[in-house]
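Colleague: Could you take a close look at how one pair of helices packs together, and then set that contact beside the other features you consider worth noting?

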Amino acid sequence: MKLSSDTLGHVLRRALPGVEQARTYSKRWLRADALAALTVGAMLIPQGLAYAQIVGVRPVAGLYAGVFAMLAYALFGPSRHLLLGPEAGAAILTATALAPVVAGGGPERLASLAALLALMVGGISLIGGLCRAGALADFLSRPILIGYINGAALIIIGSQLARMLGLERKSNEFAGQLWEVASNVGRTHVPTLLMGLGIVAALVAMRRFLPRWPAPLVMVVLTTAAASVFELEHGGMKVVGSISAAVPAFGLPSVGFADFRALLPAAFSLALVNYASSVLTGRIYADRFGYRLDANQEFFGQAAANLLTGLTQGFPVTGSDSRTAVNASMKGRTQLVGVGAAAVVLVFTLFFTPLLAKLPLVTLGAIVIVAAVYLLEVQPIIRLWRVRPVEAVLAVVTMLGVLLLGILQGILIAVALALVDLIRRAAHPHDAVLGEREGVPGWHDVEGHADAETVPGLVVYRFDAPLFFANARFLREQVRRLVAESRVPVKWFVLDASSVFDLDVTAAEGLEKLRHELEGEGIVLVVAQARAPMRSMLRRSGLLAQLGKERLYPTVGAAVRAFLAEEGPREPVTEADLRPPPVH
């Protein structure tokens, strides 16, 4: 079968969103995109060095990882604003995953394992895209994201505390890092601590009063100059040292199958976390600027970036909240910002990295800590507690799980708890007995409206959830209670199914049992406002034949009119004559 040129063009636009962005690019966006590219590139240089230090690979690997990630995502990524590259959370996860696998190996083995992990993350992301697994993002609710961000931020801060004190960090676990700092606080290198605190204060002040300045780059320049002039290295302050800017070779890392198997759980963890954080960030800016973000295409953007960095001796990359926020604040419009920023970083890497030999390591630690502090979200947890406490608890559980068990384990536990809460609410949903209000059209909850009146002998009952195995018994029990507690003998029971958008086999069987029980008591079961999926299930299960098509009404009003026509007009009664079920 031959593809027409229009069809082929459509396929290419879907697979390569960057091509479509370039095709529709407007010249009036160029100035803003160029300025955003310069700023983002300036930010990425110190951040890339810092995050490479976290992973344990050579510092320049963080710069090249940023270059290749932004170029790949610019072609395959669906977001016009999201910028990929080295990021603190992914770096922490990578370091934690590699530590037990390196097993005393040297820098070359660590670099090979980091590249392997990036390739695995890219491969898993590619499979996610091919399987169209973008719906996974819908399971990561706002409370889970808040908990994840807070947990990851605290892990990042913990990983840099030793560097701020001039100590060596050996543990990759949050609790272990805190213990290392607490037990060795007496060995603090005071000049390093003072410089670190000064850098933190300067970064915070510049963020507050000079928000458009590339504060991390300014601190890198100033502290490197200070270390060179005052020879701080001779006073015991640790510096980056000589940086090789050699362009990385293209190819597969030298690893074995045992390494692949050992890193597989971490690769799944990184792929899930990277995708979740990136797609959620991307959606924020897509909504803000009025375009659609394809959640499935995001998998391909993540895959392309990680596969390319893995093939060029890099490490796993993901979306950067901080650089993306700066891009948006500077009115960046397209992925040309990522391409331009990649060019800025590449030129610096090839020609200017010798200038960073005297850069104090505490500068990188301070940059990472400040970035992590601004990731912390305390107010949203307080707001969640005021609005819905169970979701605030979910956020805190996610945060503690991420801190104590690991990022993937914490997120999975939170997702499981969220699903349990969802099932609990679906198993005991809100329901209501309905009545008429004088002068107000429609049928209303008698519990919320004291003037709502019911019809003697008739119960109109609304069930506000899909009917499935977990709540089928609850429905039957509620119906039995209403019939038993009615002060007037019930003749008809009308089930308002307007909120029942699905019906499974177990619930259908339960409805048939309920119909049979009510029939034995001389009560007619009627269904009103059934949705198409429910009507289809009633027909396929044979329940419609048992009910009778004449007992399926398009509206509650039609069912009530049929009751009055069949049973004769009655005087209305109030809520006191027909006790409704409790609100759930």
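Modeller: Helix 9 and helix 15 are oblique to each other, because their crossing angle falls into none of the named classes (under 35 degrees is roughly parallel, over 145 roughly antiparallel, 65 to 115 roughly perpendicular, and the rest oblique). This is a predicted model, in which local features need pLDDT of at least 70 and side-chain atom pairs count only at pLDDT 80 or more, whereas totals for chains, interfaces and linings use all residues. Residues are numbered from 1 along each chain as its sequence is written, and side-chain values use heavy atoms, with hydrogens and water left out.

The axes of helix 9 (residues 190-209) and helix 15 (residues 361-373) come within 9 Å and cross at roughly 40 degrees (axes are lines fitted to C-alpha atoms, for helices over the stretch in contact, with angles from 0 to 180 degrees between N-to-C directions; helices are DSSP runs of H or I with at least four residues, strands E runs of at least two, numbered from the N terminus). The crossing is right-handed, that is, the near helix is turned clockwise from the far one by less than a right angle, anticlockwise being left-handed. On the side of helix 9 the contact (heavy atoms within 4.5 Å) is made by Thr-192, Met-195, Gly-196, Ile-199, Val-200 and Leu-203, and helix 15 contributes Val-362, Thr-363, Ala-366, Ile-367 and Val-370. By class, eight of these residues are nonpolar, three are polar and none is charged (Ala, Val, Leu, Ile, Met, Phe, Trp, Tyr, Cys and Pro count as nonpolar, Asp, Glu, Lys and Arg as charged, and the others, Gly among them, as polar).

In the loop between helix 14 (336-351) and helix 15 sits Lys-358, which forms a salt bridge with Glu-233, the closest N and O atoms being 3.2 Å apart (a side-chain nitrogen of Lys or Arg within 4 Å of a carboxyl oxygen of Asp or Glu). Glu-233 belongs to the loop between helix 10 (215-230) and helix 11 (257-289), so that the pair links distant parts of the chain, 125 residues apart. In total the count comes to 14 salt bridges.

For comparison, helix 7 (residues 142-164) and helix 8 (residues 174-183) have axes that come within 9 Å and cross at roughly 30 degrees, and these two helices are therefore roughly parallel to each other. Their crossing is left-handed, and the contact includes Leu-154 and Ile-155 of helix 7 and Phe-174 and Val-181 of helix 8. Its residues are seven nonpolar, three polar and no charged.

Helix 5 (residues 88-102) and helix 6 (residues 107-130) come within 10 Å by their axes and cross at roughly 130 degrees, and are therefore oblique to each other.
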